[in-house]
Amino acid sequence: TDNTVGIYVKHSGNAANTYYGLQAIADGTAGIAHIAAYLSASGGTSNYALIVPTGGGIVGIGTTTPTSGYLLTLQTNATILHGISLPLAGAAGTAYGINITAGNANYRGIFATNSSAAAGVFYGIGGDLTGGTAASGYLGYRNSNSKNFGVYGIGGDLAGMFSGIVGINSV
């Protein structure tokens, strides 16, 4: 390799085994924190702490078997309640927690599925506004009585606002 790479690791083989290019473990019984990998990049015009290139594989967080077909698989459990947290407080100008663009038809920017028929609250996309008049709204909402709603608005100045033609029970 050239002198622009600090550490270069390549491990390849042709046997039916699992191959690791790099494995880092921070282990012990004492200490405040154990961090297996801490990545940081700064000082350049463009700084990237991690790049997984197209075709470079899929990423699993909290799982050893990330789902094929997804760029990122997050496995949550009783102690990890939120898959992704995007704190945007203090951002200058317009800030997007998630900005999704699609150049072709039939793409879903955000898609949430819950196949359970059990009673309990579930919503695909939800939002809460607490500054001023409080309001909540949900897309794809199931309440605790197992009633399903495509759009569900709670409180606020208006339960819903549509600018344009609205079809009710029509195509």
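Here is a short set of questions and answers about the predicted model above.

User: Hello! How is the model numbered, and what pLDDT do local features need?

Analyst: Happy to help: residues are numbered from 1 along each chain as its sequence is written, and side-chain values use heavy atoms, with hydrogens and water left out. The model is predicted, so totals for chains, interfaces and linings use all residues, while side-chain atom pairs count only at pLDDT 80 or more and local features need pLDDT of at least 70.

User: Where in the chain is confidence highest?

Analyst: pLDDT is the predictor's confidence in each residue, from 0 to 100. The chain averages 75, and 84% of the residues score at least 70. Confidence is lowest in strand β2 (residues 72-74), with a mean of 70, and the highest value, 79, belongs to β5.

User: How many strands does the chain have?

Analyst: Helices (H or I, at least four residues) and strands (E, at least two) are DSSP runs, numbered from the N terminus. Along the sequence the pattern reads β-β-β-β-β. The chain has 0 helices, and its strands number 5.

User: Which strands are the edges of the open sheet?

Analyst: Two strands pair if DSSP finds at least two bridges between them. An open sheet of 3 strands has the order β3-β4-β5, with antiparallel pairing. Each edge strand pairs on one side only, and the edges are β3 and β5.

User: How many bridges join β3 to β4, and which residue in the turn has a positive phi?

Analyst: β3 (residues 122-129) and β4 (residues 135-142) run antiparallel and are joined by 7 bridges. They form a hairpin with 5 residues between them, and the turn residue with a positive phi, about 80 degrees, is glycine 132.

User: Which residue in β5 is the bridge partner of leucine 139?

Analyst: β4 pairs with β5 (residues 148-155) in the antiparallel sense over 7 bridges. Leucine 139 in β4 stands opposite isoleucine 125. Its bridge partner in β5 is valine 151.

User: Is asparagine 143 buried or exposed?

Analyst: Asparagine 143 lies in the loop between β4 and β5. Its C-alpha is 4.7 Å from that of valine 121, although the two are 22 residues apart in sequence. Buried means under 20% relative accessible area, exposed over 50%, and partly exposed in between (1.4 Å probe, protein chains only). With a relative accessible area of 14%, asparagine 143 is buried.

User: And phenylalanine 162: is it buried or exposed?

Analyst: Phenylalanine 162 is found in the segment after β5. Since its relative accessibility is 55%, phenylalanine 162 counts as exposed.

User: What percentage of the residues count as buried?

Analyst: The count covers the 171 residues of the chain. The share that counts as buried is 4%.
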